[in-house]
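Subject: Structure handover

Hi,

Here is the structure I said I would pass on to you. Have a look at it first, and my notes follow underneath.

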Amino acid sequence: MKRPDTIRPPRGKLAVLLPGMGAVSSTFIAGVLLARKALGLPVGSLTQMGSMRVGERQVRLNQYLPLAQLDQLVFGGWDIFSDSVYDAAVHAKVLETSQLEPVRAELEAIRPMKGVFYPQYVKRLHGTHVKEGATKADMVEQVRADIRSFLRANGCSRAVAVWCGSTETYVAPDQVHGSRQSFEAGLLKNDPAITNSQIYAWACLQEGVPFANGSPNLAVDFPAAAELARHHEVALAGKDFKTGQTLMKTVIAPALKARMLGVRGWFSTNILGNRDGEVLDDPESFRSKEITKRGVLDDLLDSDTHPELYGDLFHKVRIEYYPPRGDAKEGWDNIDLFGWMGYPMQIKIDFLCRDSILAAPIVLDLALLLDLAQRGGRIGTQDWLSFYFKSPMTDPGRSPEHDLFVQSMKLKNTLRSLMGEEPTCPPGAEGYD
């Protein structure tokens, strides 16, 4: 890891650009505006409420790190619907209308720019507030123009982007993703393997804007994007916010493995009624989500090393669209495990949560930490941000880490290193902070 000599101070306004301004984005923006007025706590945000050891002292992250402050953030983004952020928040029904009233005027003033929308990638939505262009290359240029215009209009010194849009149909890496040259050619030819999220990501990288992918989409985890990020010296992170059920898996599975308890089966199902649930009701979009949710256990339990404990693991994941629940997701897990002499046991978890309430602090942390990384001279994939993702991006040849506590240790050690401090233990060593 390259340690920068200096970190540029967070002067001026930071634009937080959000492709997709629905439930997650509106909950995030409203929460930040309320926290500015001391009308709510940013619970779940490490940058605002977390602490860590530095030497012999315990420090709050927001006091120790040179992070942008909440009152420096300016919010913008794109959506395929023209609703203001206030209207989007009311429609999402995550925060109570009474909570939104103190910041209603600010939320109503934030309106999305027209979105990039090729409907074949999100078949359950029908966008009405969309860009038009002959080629996908045209779309990239329109998004780039939006970024420059937004920065000028709002007096922002820099920007960071966090994808909060819908899950797209599954797209496998293809030849078009192999290099900058092939991707640029694909944009001109409207290559079907180039999706909406890739167009936003490519535009952001071209403009030197760090990009975090909060979905399971193939947005920046391919060689062409990595090449472009190196060329423009931009930080990347992803993918798929780790919020509810998978968060529990990255806690429970390491505990079972640490005790050398076997697992025969792990059945996971969700019911969800918001726009995300509607999109995931399409099998092709669910395929993208299923891959990131299923891959966690494969890496955590390591059946190759312990075939007698995990070699026959049956892992099944389901997501059901159930409109009455709205954003109030329920994640239910049944775990069939075994112990001494093969004796069978079970664990059952029922996590009733708010999807956007869990995602909003992740958006805030990623925006601030990616901005910190960018000002600190870090380029390319930021695997130390794996703590926030179901399917963490890594550089080629490196395996992702899924254990939540190892991820936490790596995140904090990277922050120590950025600040010129020694890590609490050697990188990669076992142990928790």
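I'll begin with a small piece: strand 2 (residues 51–54) pairs with strand 3 (residues 57–60) in the antiparallel sense, over four bridges. Within this pair, Arg53 stands opposite Gln58 of strand 3. The two strands form a hairpin with two residues between them, and there Gly55 adopts a positive phi near 65 degrees.

Before going further, please keep in mind that this is a predicted model. The protein chain has a mean pLDDT of 93, with 97% of its residues at 70 or more. The stretch to treat with care is residues 427–433, where the pLDDT is below 50; even so, this stretch has twelve contacts in the model beyond near neighbours in sequence.

**The seven-stranded sheet**

Strands of a sheet pair through backbone hydrogen bonds, in either a parallel or an antiparallel way. Here, seven strands make an open sheet with parallel pairing, in the order 5-4-1-6-7-8-13. Its edges are strand 5 (113–114) and strand 13 (380–381), each of which pairs on one side only. Inside the sheet, six bridges link strand 1 (residues 13–19) and strand 4 (residues 73–79) in the parallel sense. One of the positions to click on is Ala15, whose bridge partner in strand 4 is Val74.

Two helices on this sheet are worth following. Helix 1 (residues 23–36) packs on it and touches strand 1 and strand 4, with its direction at about 165 degrees to that of strand 4. Helix 9 lies across strand 1, strand 4, strand 6 (156–163), strand 7 (211–213) and strand 8 (235–238), and it runs at about 160 degrees to strand 7.

**Helix 1 and its helix partners**

Helix 1 also packs against other helices, among them helix 15 (residues 355–375): the two axes come within 8 Å and cross at roughly 65 degrees. Helix 1 is therefore roughly perpendicular to helix 15. This crossing is right-handed. On the helix 1 side the contact is made by Ala23, Val24, Thr27, Phe28 and Val32, and on the helix 15 side by Ser356, Ile357, Ala359, Ala360, Val363 and Leu364. By class, the contact of helix 1 with helix 15 has nine nonpolar residues, two polar ones and no charged ones.

Helix 4 (residues 85–92) is another partner, packing with helix 1 at an angle of about 115 degrees, with the axes 9 Å apart. That angle makes helix 1 roughly perpendicular to helix 4. In this case the crossing is left-handed. Ala23, Ser26 and Ile29 of helix 1 meet Val85, Ala88, Ala89 and Ala92 of helix 4. Six of the residues in the contact of helix 1 with helix 4 are nonpolar, one is polar and none is charged.

**Helix 8 against helix 9**

Back to helix 9, now with its full range. Helix 8 (residues 180–188) and helix 9 (residues 196–206) pack at about 125 degrees, and their axes lie 13 Å apart. The two helices are therefore oblique to each other. Helix 8 passes helix 9 in a left-handed crossing. Helix 8 contributes Arg180, Phe183, Glu184 and Leu187 to the contact, while helix 9 contributes Gln198, Ile199, Trp202 and Gln206. Charged residues do appear in this contact of helix 8 with helix 9: there are two, alongside four nonpolar and two polar residues.

**The four-stranded sheet**

There is also an open sheet of four strands, in the order 10-9-11-12, with mixed pairing. Strand 10 (314–321) and strand 12 (344–354) are its edges, each pairing on one side only. From one strand to the next the twist averages 10 degrees. Strand 9 (residues 262–272) and strand 10 run parallel and are joined by eight bridges. In that pair, Trp266 has His315 of strand 10 as its bridge partner.

Helix 13 (residues 283–301) packs on this sheet, where it touches strand 9 and strand 10, and its direction makes about 150 degrees with that of strand 10. Helix 11 (residues 245–258) lies across strand 9, strand 10, strand 11 (328–338) and strand 12, running at about 170 degrees to strand 9.

Enjoy exploring it, and write back with any questions.

Best wishes

Methods
Residues are numbered from 1 along each chain as its sequence is written. This is a predicted model: local features need pLDDT of at least 70, side-chain atom pairs count only at pLDDT 80 or more; totals for chains, interfaces and linings use all residues. Side-chain values use heavy atoms; hydrogens and water are left out. Axes are lines fitted to C-alpha atoms, for helices over the stretch in contact, and angles run from 0 to 180 degrees between N-to-C directions. Angles under 35 degrees count as roughly parallel, over 145 as roughly antiparallel, 65 to 115 as roughly perpendicular and the rest as oblique. A crossing is left-handed if the near helix is turned anticlockwise from the far one by less than a right angle, and right-handed if clockwise. Contact means heavy atoms within 4.5 Å. Ala, Val, Leu, Ile, Met, Phe, Trp, Tyr, Cys and Pro count as nonpolar, Asp, Glu, Lys and Arg as charged, and the others, Gly among them, as polar. pLDDT is the predictor's confidence in each residue, from 0 to 100. Two strands pair if DSSP finds at least two bridges between them.
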